[in-house]
Amino acid sequence: TSDVKISWVGNPADEVLNVIMENKYTVVAENGEKNEIPWKTWTKESDKYKIISHRIFVDGEEKKIEGSDGKEFDDKTFEIKIPLCNKEKYEIRAIMEKRYSYSNDYYRAYSASYIMNGMILSISHPDDMLVELIERGTCEKFEIISKTATTLVARYSGLILPHQGYVLAM
C-alpha cells in the first residue's frame with residue numbers, strides 16, 4: 001500500500017507543501033543472501049526543500065538507517081538503502097516526511113524498483129487542491145475506489161514492473 005498525505009505549510013499563498021509518504025510492501029528475495037532495497041525520492045531544487053523525517057521498519061522492527069543526499073540533473077535526491085539478509089521474505093514499512101515548493105514541483109510520482117503485485121493508493125490533500133492520478137507505464141488503469149474533495153483511493157490489481165507506477169498531478 002502507498003499512503004500520501006499532502007498539506008499546506010502555513011498560508012497556501014506561500015506555496016510550501018508538506019508531504020508524508022508511507023509505503024508498506026512485502027519483499028520476496030530470490031534467496032536468503034545479503035541484499036539492499038533502495039528507497040529514493042526526487043524533488044526539484046528549491047530553498048524550501050527539506051527532509052523532515054524518515055523511518056524504516058523491517059518485519060515490524062524500526063531500523064536506524066541514515067540516508068544520503070544527492071543531486072541528479074535539477075533534482076535534489078535523498079536515498080536510503082534498506083539492508084536485508086538471511087531470509088527470503090520481508091515486510092517493509094517506509095515513512096518519509098518532506099517539504100518543498102509547490103510552484104517548483106507540482107506533481108508526485110512513484111516508480112517501482114522491482115516487480116510489484118498490485119497496489120492500493122490512498123491520498124489525502126487540501127480541499128483547495130485538485131489532484132489527478134495518472135498511470136505511469138502500467139498496462140491497465142488504476143481503479144478509483146473512492147474520490148472526495150480531499151481524498152482519493154485507487155487500486156491496481158495487476159503486475160507493476162520496474163519503472164512503472166503513477167503520477168499525482170496537483
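In this predicted model, Lys5 touches Asn18, Val19, Ile20 and Ser124, leaving out residues up to four places away in sequence. Lys5 belongs to strand 1, which covers residues 2–8. With a relative accessibility of 43%, Lys5 counts as partly exposed, because that value falls between the limits of 20% and 50%. Lys5 can also be related to a position far along the chain: 121 residues separate Lys5 from Pro126 in sequence, and their C-alpha atoms are 9.2 Å apart.

The contact between Lys5 and Ser124 leads to a second part of the chain. Ser124 is placed in strand 10, which comprises residues 116–124. Apart from residues up to four places away in sequence, Ser124 touches Val4, Lys5 and Ile6, as well as Thr150 and Thr151. For Thr151, the separation along the chain is 27 residues, while the C-alpha atoms of Ser124 and Thr151 are separated by 4.4 Å. Thr151 falls in strand 13, whose residues are 151–160. Ser124 has a relative accessibility of 26% and therefore counts as partly exposed.

From these two residues the description may pass to the chain as a whole. The chain has 14 strands and zero helices. Read along the sequence, the pattern is accordingly β-β-β-β-β-β-β-β-β-β-β-β-β-β. Among the contacts with a separation of 6 or more, 75% are between residues 24 or more positions apart. The pair formed by Lys5 and Ser124 is one example of a contact, and the pair formed by Ser124 and Thr151 is another.

The overall dimensions can be stated in two ways. Taken along the principal axes, the C-alpha atoms fill a box of roughly 50 × 35 × 30 Å. The radius of gyration is 16 Å, which agrees with the value near 15 Å that a compact globule of 170 residues would have. Of the 170 residues, 40% are buried. The chain exposes about 9800 Å², and carbon and sulfur atoms supply 50% of this area. As to charge, there are 23 positive and 28 negative side chains, and the centres of the two sets lie 2 Å apart.

Asp105 provides a case of a buried residue. Its relative accessibility is 3%, and because buried means under 20%, Asp105 counts as buried. Asp105 lies in a loop, between strand 8 (89–101) and strand 9 (107–111). Leaving out residues up to four places away in sequence, Asp105 touches Trp42, Thr43 and Lys44, together with Tyr100.

Arg55, by contrast in location, is placed in strand 4, which runs over residues 50–58. With a relative accessible area of 39%, Arg55 is partly exposed. Neighbours within four places in sequence aside, Arg55 is in contact with Glu62, Arg93, Ala94 and Ile95. Of these, Arg93 is 38 residues away from Arg55 in sequence, and the C-alpha atoms of the two residues are 8.1 Å apart. Glu62 falls within strand 5 (61–63), whereas Arg93 falls within strand 8 (89–101).

Two loop residues deserve attention for their backbone angles. Most residues other than glycine have a negative phi. Asp59 has a positive phi of about 55° although it is not a glycine. This residue lies in the loop between strand 4 (50–58) and strand 5 (61–63). At 36% relative accessibility, Asp59 counts as partly exposed. His163 likewise is not a glycine and has a positive phi, here of about 75°. The loop that holds His163 is situated between strand 13 (151–160) and strand 14 (165–169). His163 has a relative accessibility of 63% and so counts as exposed, since the limit for that class is over 50%.

The cysteines complete this account. A search of the whole structure finds zero disulfides. Cys85, with a relative accessibility of 38%, counts as partly exposed. Cys139 has a relative accessible area of 67% and is exposed.

Definitions and conventions. Residues numbered from 1 in each chain as written. Predicted model: local features only at pLDDT ≥ 70, side-chain atom pairs only at ≥ 80, totals over all residues. Heavy atoms only, no water. Helix = DSSP H or I, 4+ residues; strand = E, 2+ residues; numbered from the N terminus. Rg over C-alpha atoms; globule rule 2.2 N^0.38 Å. Buried < 20%, exposed > 50% of the residue type's maximum accessible area, 1.4 Å probe, protein only. Contact = heavy atoms within 4.5 Å. Areas by Shrake-Rupley, 256 points an atom, 1.4 Å probe, with all protein chains shown as cover. Lys, Arg positive; Asp, Glu negative; His and termini not counted. Charge placed at Lys NZ, Arg CZ, Asp CG, Glu CD. Disulfide = S-S within 2.5 Å.
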